[in-house]
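Please open the structure in a viewer and keep the sequence panel visible. This tour proposes what to select at each stop and explains what is found there.

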Amino acid sequence: MSNTKVERVKTGIEGFDELCGGGLLKNRSYLVSGTSGAGKTIFATQFLINGAMTYNEPGIFIATEERPSHIRENMVAFGWDIEDLENENMIAIVDASSAKIGLPSEEKFVDVRPFDTRSLIDNIITIQEEIDARRAVVDSTTAIGFQIMDPSKIRIELLKIATTLEVLGLTSVLTCEIVDDSHISRFGVENFVTDGTILLYFKRSENVRVRSLEIYKMRGTNHSTKLHPFDITPTGIVVHSQEEVYSML
Ligand SMILES: Nc1ncnc2c1ncn2[C@@H]1O[C@H](COP(=O)(O)OP(=O)(O)O)[C@@H](O)[C@H]1O
Ligand SMILES: [Mg+2]
C-alpha cells in the first residue's frame with residue numbers, strides 16, 4: 001500500500017491554515033492574486049516571517065516590485081524586523097526591482113537587468129547554499145510578466161522559476177496583481193504554473209470596503225470554497241475562518 005503522505009507547511013497566518021487542511025503542501029507553489037492594496041505583499045511576507053520566527057524555516061524574498069528598503073520599512077509596522085532576520089541568515093532578499101529601473105542597489109543579492117530567468121535562478125541557488133531556505137516568495141510575478149509581455153513566454157519563465165523553487169525544496173508564494181476581480185491572474189497564465197490560487201478581495205459594500213479571501217484552487221487537498229473575511233491588524237493578516245462573506249458575490 002502506498003504510504004504517500006504530503007507534508008504540510010503552515011503559513012502561520014491566523015485562520016488561514018485551517019481553511020486548507022492544516023497548511024500548504026510542502027515544495028509546492030501558490031499564487032496569491034488580488035488588486036493593488038489587497039494585501040498580497042503582507043500575506044507573502046507574513047508567510048516568510050512566520051517561517052523564520054515560528055517554524056525555524058529560512059526564507060528567500062524575491063522582490064521584483066518594491067525596493068527591499070521599502071519592504072523592510074513597511075513591515076516594521078507589524079513588528080517584523082526583517083533586517084534582524086537577514087542578519088541571522090533566516091531571510092534573504094533578492095533585489096530584482098532596482099536594476100529594472102536603472103537604479104544602483106546596495107543590496108547583497110541583486111538581479112541584473114533586463115530580467116533574465118537564468119540569472120535569477122543562479123541567484124536563488126547561491127542563496128540556497130548559504131541559508132538552506134524552505135520558503136520563498138516572488139513578489140510579484142506581474143512585474144516579471146511586464147518585462148516579457150508574451151503570455152506563452154511568461155508561462156514558460158514562471159514555470160522554470162516555480163519548478164526550480166520546488167526542486168530546491170522550497171514552498172513558495174508568488175503574488176499576482178490583477179486589475180479587477182473578474183480575473184484570477186494578470187496575463188491569464190500565472191495560475192497554470194502554480195498548485196494553488198488564493199484570491200484576496202478588497203471590495204466596496206455600501207460605504208465601506210471589506211477584505212476577504214478565497215481559496216480558488218488547491219491541488220492535493222480539501223479546502224474551503226467560501227469567501228472568508230480578513231483584517232490587516234497591527235500583527236498582520238487575521239482570517240476569520242468561521243465567518244463567510246455573502247454580499248459581494
Ligand atoms: N500597518 C498596517 N495596518 C493596517 N493596514 C495596513 C497596514 N499597512 C498596510 N495596510 C493596508 O494594506 C494595504 C497594502 O497591502 P499590500 O500587501 O502592500 O498590498 P498589495 O501587495 O496587494 O498591493 C494598504 O493599502 C493598507 O490598506
Ligand atoms: Mg504588493
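Begin by selecting ligand 1 and K40: an N or O atom in the side chain of K40 is 2.7 Å from an oxygen atom of the ligand. Please bear in mind throughout that this model is predicted.

Next, add R211, whose side chain places an N or O atom 2.8 Å from an oxygen atom of ligand 1. Then select G39; here a backbone N or O atom lies 2.9 Å from an oxygen atom of ligand 1. With the ligand still in view, note that the protein covers 62% of the 580 Å² of accessible area that ligand 1 has on its own.

Now widen the selection to the residues surrounding ligand 1: T35, S36, G37, A38, G39, K40, T41, I42, A77, F78, R211 and I232. By class, this shell comprises 5 nonpolar, 5 polar and 2 charged residues. Which helix gives the most to the shell? It is α1, with 3 residues.

Leave the ligand and select F16, F43 and L213. Within the largest nonpolar core, which has 38 residues, these three touch the most other members. Helix α1, residues 40-53, also gives the most to this core, contributing 7 residues.

Centre the view on L213. Beyond its neighbours within four places in sequence, L213 is in contact with F16, L19, F43, I198, L199, L200, K226, L227, H228, F230 and V239.

For the last stop, select I62, V94, F115 and I154. They are among the 26 residues of another core, which lies apart from the largest one. In soluble globular proteins, nonpolar side chains tend to be buried together.

Methods:
Residues numbered from 1 in each chain as written. Chains lettered and ligands numbered in written order. Predicted model: local features only at pLDDT ≥ 70, side-chain atom pairs only at ≥ 80, totals over all residues. Heavy atoms only, no water. Core = buried A, V, L, I, M, F, W, Y, C linked by side-chain atoms within 4.5 Å. Buried < 20%, exposed > 50% of the residue type's maximum accessible area, 1.4 Å probe, protein only. Helix = DSSP H or I, 4+ residues; strand = E, 2+ residues; numbered from the N terminus. Contact = heavy atoms within 4.5 Å. Near = heavy atom within 4 Å. Polar contact = N/O pair within 3.5 Å; in protein donor to acceptor, adjacent residues only side chain to side chain. Areas by Shrake-Rupley, 256 points an atom, 1.4 Å probe, with all protein chains shown as cover. Nonpolar A, V, L, I, M, F, W, Y, C, P; charged D, E, K, R; others polar.
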